[in-house]
Amino acid sequence: MMEHKKLLVGDMNKAVASLLARAYAAEYFEANLLSEALLYVHDDEVWNDVFSLIKDNELHRTIIEEIVEVLGFDIKDFREYSKMFTECKINFSGDFLSEMFSEILNYEIWAEKFYKHLAKLVSAVPLDVEKEKVEIVKNTLEMLSEWERRHTEVARKYIQ
């Protein structure tokens, strides 16, 4: 007769929240990078596009906070935890604008794929929230992924 062992299976809500902390930190880092870059941008069209990206980064962070609340976690704790992932250093030389948008493009592609994978994960694993809320979280992550895809188009516009 085969013995059945009890195994720890982990808490998917915590795992999803932890993954979201990485996205939250990336949105924060990208917004700071773009904000600093505005000091060196004098073209109005570029300035407006960069400002719009910063605004979207901030909206994405508030959306992530809402998802974390739906998953049942404290926002203050989440914000503190996400700070672990904010250490990034970037140095630009040469064509500043093209280099900056090349770096931003990397973040936008990462975020698009990251949100898409999170949406698939949320659909595939049991979360400890009502089914309706799982659907809202999945749809929100899919929306964020699409939003990031559109941001890649903005970044590509300025890469030479």
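Here is a short walk through the structure, from its helices to its interior.

This is a predicted model, so local features need pLDDT of at least 70 and side-chain atom pairs count only at pLDDT 80 or more, while totals for chains, interfaces and linings use all residues. Residues are numbered from 1 along each chain as its sequence is written, and side-chain values use heavy atoms, with hydrogens and water left out.

Let us begin with helix α2; helices here are DSSP runs of H or I with at least four residues, numbered from the N terminus. The expected span of a helix is 1.5 Å times one less than its number of residues. For the 27 residues of α2 that gives 39 Å, and the end C-alpha atoms are 39 Å apart, which agrees. At the start of α2, a side-chain oxygen of D43 comes to within 3.0 Å of the backbone nitrogen of E45. After α2 comes G72, with a positive phi near 95 degrees.

Two residues of α2 deserve a stop. H60 sits in this helix, and H60 counts as buried because its relative accessibility is 0%; buried means under 20% relative accessible area, exposed means over 50%, and partly exposed lies in between, using a 1.4 Å probe and protein chains only. The side chains of H60 and E27 are joined by a polar contact of 3.0 Å. Such a contact is a pair of N or O atoms within 3.5 Å; within protein, one must be able to donate a hydrogen and the other to accept it, and residues adjacent in sequence count only if both atoms are side-chain atoms. Not counting residues up to four places away in sequence, H60 touches E27, Y115, L144, W147, E148 and H151, where contact means heavy atoms within 4.5 Å.

D56 is also found in α2, and at 6% relative accessibility D56 counts as buried. Its side chain makes a polar contact of 2.8 Å with the side chain of K55. Leaving aside neighbours within four places in sequence, D56 is in contact with W147 and H151.

Now turn to helix α5, residues 131-157. Its 27 residues should span 39 Å at 1.5 Å a residue, and its end C-alpha atoms are 40 Å apart, which agrees. The buried residues of α5 include V134, L141, W147 and H151, and what covers the buried residues of this helix includes α1 (12-37), α2 (44-70) and α4 (96-124). K133 belongs to α5 too, but K133 is partly exposed, with a relative accessible area of 32%. The C-alpha atoms of K133 and V70 are separated by 7.1 Å, although these residues are 63 apart along the chain.

What fills the interior? A nonpolar core is a set of buried Ala, Val, Leu, Ile, Met, Phe, Trp, Tyr and Cys residues joined through side-chain atoms within 4.5 Å. The largest such core has 26 residues, and L20, I64 and L141 have the most contacts inside it. The elements giving two or more residues to this core are α1, α2, α3 (75-82), α4 and α5. Apart from it lies another core, of 16 residues, among them V41, V50, F101 and I104. In soluble globular proteins, nonpolar side chains tend to be buried together.
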